[in-house]
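Q: I'm new to this one. Could you walk me through how to read a few of its features?

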Amino acid sequence: MSHLSERPEKPVVGLPLPHESAVLHVTGAALYTDDLVHRTKGVLHAHPVQVMKAHGRITALRTAPALAVPGVVRVLTAADVPGVNDAGMKHDEPLFPDEVMFHGHAVAWVLGETLEAARLGAAAVEVDLEELPSVITLEEAIAAESFHGARPVMVTGDVEAGFADSAHVFTGEIQFSDQEHFYLETHAALAYLDESEQVFVQSSTQHPSETQEIVAHVLGLHSHEVTVQCLRMGGGFGGKEMQPHGFAAIAALGAKLTGRPVRVRLNRTQDLTMSGKRHGFHAAWRIGFDAEGRIQALDATLTADGGWSLDLSEPVVARALCHIDNTYWIPHARVAGRVAKTHKVSNTAFRGFGGPQGMLVIEDIMGRCAPLLGLDPMELRERNFYRRGQTTPYGQPVVQPERITAVWDRVKENAGLAERRREIAAHNAAHPHTKRGLALTGLKFGISFNLTAFNQAGALVLIYKDGSVLINHGGTEMGQGLHTKMLQVAATTLGVPLRKVRLAPTRTDKVPNTSATAASAGADLNGAAVKNACEQLRARLLGVAATRLGANPSDVRIVEGVARVLGGDGELAWDDLVRTAYFQRVQLSAAGFYRTEGLHWDAGNFHGSPFKYFSHGAAATEVEVDGFTGAYRIRRVDIVHDVGDSLSPMIDIGQVEGGFVQGAGWLTLEDLRWDTGTGPGRGRLLTQAASTYKLPSFSEMPEEFHVTLLENAAEEGAVYGSKAVGEPPLMLAFSVREALREAVAAFGPGGVSVELASPATPEAVYWAVEAVRQAGARGSGSTGGGAETDAPVVTGPAVDGAGGGALPAGAEALSGA
């Protein structure tokens, strides 16, 4: 076991502790960015001037009417920007645009003594617009060849030879929806100037260093003149990785120009209409299998809906390509990626960051092709699992393929799948109007940032004379429990009780140049940096203790707040040790640093080893579908997930549960709809509230929910043997969608390949059931079939409206070739 992975005697890591702010959360005492407004005097409130057209050029902007509104102090426009009028890292996101690029685009901001005054002032601003043609849907973008950014291609093996050697070749398309983050706390920032004109910004951001950088360049300042702090976020899920920067810059600009604190806090409708989502995707594919059902070749094109600017769309597409294999070996592959430019909000990071989109393509293929191959879907998946010695299509060895089968087999055992499948078959035979389905899916998710440079972290640890410890690190807390884990890492490394350690809010003047808390790497990176700082301090204190105890430092251990000599009787309490060190003028603060080793990536050739390791998991889901309405319920979920040797088991189980439910929401409930007509509302988001955008709630939770962490799974080379947990569990929800496919198929004849929209809403499930029934009524003369199996392929009619759940117009049915 490596030094980084090895655990000392009586570690605090591994204990099932509650979230460090749990009591504050449930009592309402936890402070968030906008709560600080009430503790700040003289705050001005900002309100956006939104233009409700999808695309157009501004020909006039008249702010005088707003200034006549009582309580309005100032209107911020492009003319007020002293630095660079841009809020994006790609320099394609003007903070104050002269061209409206999506319905609801903010072109100016009004500052008022009250939020109501600012709102009325924003309504009074007059904007003249020359409307321009708009591209709203992925279909429109593909037809118009409206793309931006890089267009990577991942190639391995000889694709055409692979298809030539295939006994079965199928083609198809799938389009699936975007997803709203719907964090409980909307975007918020509070900025003010100190006595030396330095800018201080409180921001709900996953990336304080980048928020600092954007604020500085908008204001024409150096980074050391701007400090950004994040207390905590009421959820982020990736939506606060890039997109808080512009809102923080508005607050900072207002503070700089007025000399007063300025608050920006979006209401829910503004947040929904102004902030980016998970990227919706379209995929066209061709796949070849040998006679035994093993994948021989894959040729696919993945198109992401990037929205109006690039944001993080390029790395999202790159990660989608890197995860299209999921747990399956594909010896010959050619997968192309591209970003569609549409006149919608700029889509951004969302839990999984393209990984779920790539995996959904291959899981949909497996679910659709299994009946055509005459195989049970579980068997088809098992036959294609990675084996030792095999590499991904981008060239990274899969070094723990046994983990794929370990979690898979453990779920089969825990869930009693064999017996339950017999029970489901008996139920389906006896109930013509309700059918049950049971599916098992797995995952392999790479952990590290796509961009190697981001895989670094820093920490600052301070020990005070009274023995108390304060830790600072570059990660942000959005409810995921990162701070809890960091407290446990610090206490373990120093050898002190957890009560001795406190954690300071994340801020850029304590730990500089940090990476975003994203890519599931927060605990890996920051934990290793905290550990590094604490090890420096512990080494110094061991020297002090050794002198006091008359021993060699290598023979001294600090455990549970007491320094002892191995095999001896002498001991020294932590508080006494720290006090002694102070009087000996031993430094009691340390800066820690960590960078992930062993990563290399050639973006041009799309080849290398971009990930430190892979996380694994498997989930079995049972559902019941009502054939009259398409309504369904999740009867039971069994999950086994690999988090290595968990830093904090209670936190990790909560992350697995939450990630799974959020994934189920994306795949089955959350249906963003846009006005795609030619009327005045074209481009408008139609689902602007929780009343029209369906989120998972208690009623959608599994009736039985069993989560188990894989045992004896310590990860070599990761902090205390743990593995990342944040994003991977979301993809366990593929089992819900595949279970729905199984239940739908049970309404028709055997061997039917069911096409299922995503999200698979009750409406979409109903139409799929109807299509299966019609296929059964028609018998062998159904809607087409795999040439090798004569199995019918069915697809429900397109769902009414503009949602991403329906297949694109002209999408061909799955077909044998």
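Q: Let's start with strand pairing. Which residue in β12 is the bridge partner of alanine 191?
A: Keep in mind that this is a predicted model. Strands count as paired if at least two bridges are found between them. Here, alanine 191 has valine 262 as its bridge partner in β12. That contact belongs to the pairing of β9 (residues 188–193) with β12, an antiparallel pair joined by four bridges.

Q: What about strand β1 and strand β12: parallel or antiparallel?
A: Parallel: β1 (residues 44–51) and β12 (residues 262–265) are joined by two bridges. Look at histidine 45, whose bridge partner in β12 is arginine 263.

Q: Now for empty space. How much of it lies in the second largest pocket, and which residues are closest to its centre?
A: The general idea is to roll a probe the size of a water molecule over the atoms, which shows where empty space is left. In this model, the second largest pocket holds about 700 Å³. It is lined by 29 residues, and Glu314, Pro315, Asn450, Leu451 and Phe454 are the closest to its centre.

Q: Which helix gives the largest share of that lining, and how do the lining residues divide?
A: Helix α9 (residues 313–322) does, with four residues. By type, the lining has 17 nonpolar, eight charged and four polar residues.

Q: Last one: why does cysteine 230 count as buried?
A: The cut-off for buried is under 20% relative accessible area. Cysteine 230 has 1%, so it counts as buried. Cysteine 534 is buried too, at 0%. As for disulfides, a search of the whole structure turns up zero.

Notes
Residues are numbered from 1 along each chain as its sequence is written. This is a predicted model: local features need pLDDT of at least 70, side-chain atom pairs count only at pLDDT 80 or more; totals for chains, interfaces and linings use all residues. Side-chain values use heavy atoms; hydrogens and water are left out. On a 1 Å grid over the protein atoms alone, a cavity is a set of points where a 1.4 Å probe fits but cannot get out, and a pocket is an open set with protein on both sides within 12 Å along at least five of seven lines; lining residues have an atom within 4 Å of a point. Grid points are joined across faces, edges and corners, and a volume is the space filled by probe spheres set on the points. Ala, Val, Leu, Ile, Met, Phe, Trp, Tyr, Cys and Pro count as nonpolar, Asp, Glu, Lys and Arg as charged, and the others, Gly among them, as polar. A disulfide is a pair of cysteine sulfur atoms within 2.5 Å. Buried means under 20% relative accessible area, exposed over 50%, partly exposed in between (1.4 Å probe, protein chains only).
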